[in-house]
Amino acid sequence: MTSKRKELQKLVEKLSKKKEIHFNRQQIEKLIYKFFDLHGGRTMMDKNHVVRMDRSMFRDVLYNYFSMTDDVLLDRVFRAFDKDSDNYINVEEWVNGMSVFLRGNREEHTRFCFCAYDLNGDSYISREEMFQLLKTSLSRTSTDEDQDESIKELVEITLKKMDADHDGRVSFDDYKKGIEEDILMLEFLGPCLPEAKRCQCFLEEIEQLGKY
Ligand SMILES: [Ca+2]
Ligand SMILES: [Ca+2]
């Protein structure tokens with residue numbers, strides 16, 4: 001076995017032991033192949049640098065496989081994957097992130113979407129953040145100049161529904177409560193999780209990948 005292959009096996013071994021990862025060994029291995037495949041088949045180390053994914057490459061993945069086109073949200077999904085905030089997705093972050101993105105349970109999806117909506121990362125979704133997110137989700141369907149006013153109204157209506165403790169912003173607890181009452185509120189500020197059929201297609205494509 002080559003050292004690269006050994007290194008890869010070690011990584012697969014390590015990730016398959018994590019209980020929060022909803023993939024089996026073989027699927028983890030294939031997800032890792034996909035990660036390298038997206039880098040033109042380069043192996044783990046490239047010119048002494050670890051292969052990692054930048055924002056634009058990740059954006060292409062979301063666009064090509066999951067038809068996600070909203071730039072603000074693409075950026076947030078990137079941040080939800082980039083756990084150590086170094087502006088790159090490494091192979092572990094890729095597998096961890098995909099586990100939540102493709103197969104996460106309710107709790108994991110709730111944390112994932114909240115992280116995506118909390119644009120400045122202060123653990124609250126503010127009026128301004130809601131405005132910005134709703135504006136991007138709605139601007140594709142309308143060119144109305146009075147749109148800002150209607151979005152502001154929408155922000156107030158949404159806040160009324162979600163802000164359980166009435167402090168003028170949505171905390172994680174407010175958000176969780178809102179979802180418990182109405183599951184449709186999970187993606188209340190725009191889609192940041194893939195459609196089931198796209199997950200299926202992506203996983204099927206991964207299955208087709210051969211040994212690295
Ligand atoms: Ca990172
Ligand atoms: Ca915030």
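**Calcium site and salt bridges**

In sequence, the residues that donate atoms to the calcium ion (ligand 1) follow the spacing D-x1-D-x1-D-x1-Y-x4-E.

Me: Before we go on, what sort of model is this, and how is everything numbered?
Reply: This is a predicted model, in which local features need pLDDT of at least 70 and side-chain atom pairs count only at pLDDT 80 or more, while totals for chains, interfaces and linings use all residues. Residues are numbered from 1 along each chain as its sequence is written, chains are lettered from A and ligands numbered from 1 in the order in which they are written, and side-chain values use heavy atoms, with hydrogens and water left out.

Me: OK, which atoms coordinate the calcium ion (ligand 1)?
Reply: Asp82, Asp84 and Asp86 each coordinate through OD, Tyr88 through O, and Glu93 through OE, listed twice, at 2.2 to 2.6 Å. Donors here are N, O and S atoms within 2.8 Å of the metal (3.2 Å for Na, K and Ca), and water is not among the atoms, so sites may look incomplete.

Me: And why is the arrangement called irregular?
Reply: Because the 6 donor atoms subtend angles of 53 to 156 degrees, whereas six donors count as octahedral if opposite donors are over 155 degrees apart and all others between 65 and 115.

Me: Are aspartate 86 and tyrosine 88 buried or exposed?
Reply: Aspartate 86 is partly exposed at 34% relative accessible area, and tyrosine 88 is likewise partly exposed at 28%; buried means under 20%, exposed over 50%, and partly exposed in between, with a 1.4 Å probe and protein chains only.

Me: Switching topic, how many salt bridges are there?
Reply: The count comes to 18, taking a salt bridge as a side-chain nitrogen of Lys or Arg within 4 Å of a carboxyl oxygen of Asp or Glu.

Me: What does lysine 18 pair with?
Reply: Lysine 18 meets glutamate 92 in a salt bridge, with 3.9 Å from N to O. This pair links distant parts of the chain, 74 residues apart, with lysine 18 in the loop between α1 (3-16) and α2 (25-38) and glutamate 92 in helix α5 (residues 91-103); helices are DSSP runs (H or I, at least four residues), numbered from the N terminus.

Me: And which residue does aspartate 37 pair with?
Reply: Aspartate 37 forms a salt bridge with lysine 34, their closest N and O atoms being 3.7 Å apart, and the two are separated by about one helical turn because they lie 3 residues apart in helix α2. Lysine 34 counts as buried at 3% relative accessibility, whereas aspartate 37 counts as partly exposed at 39%.

Key. Four donors count as tetrahedral if all angles lie between 85 and 135 degrees; four count as square planar and six as octahedral if opposite donors are over 155 degrees apart and all others between 65 and 115; anything else is irregular.
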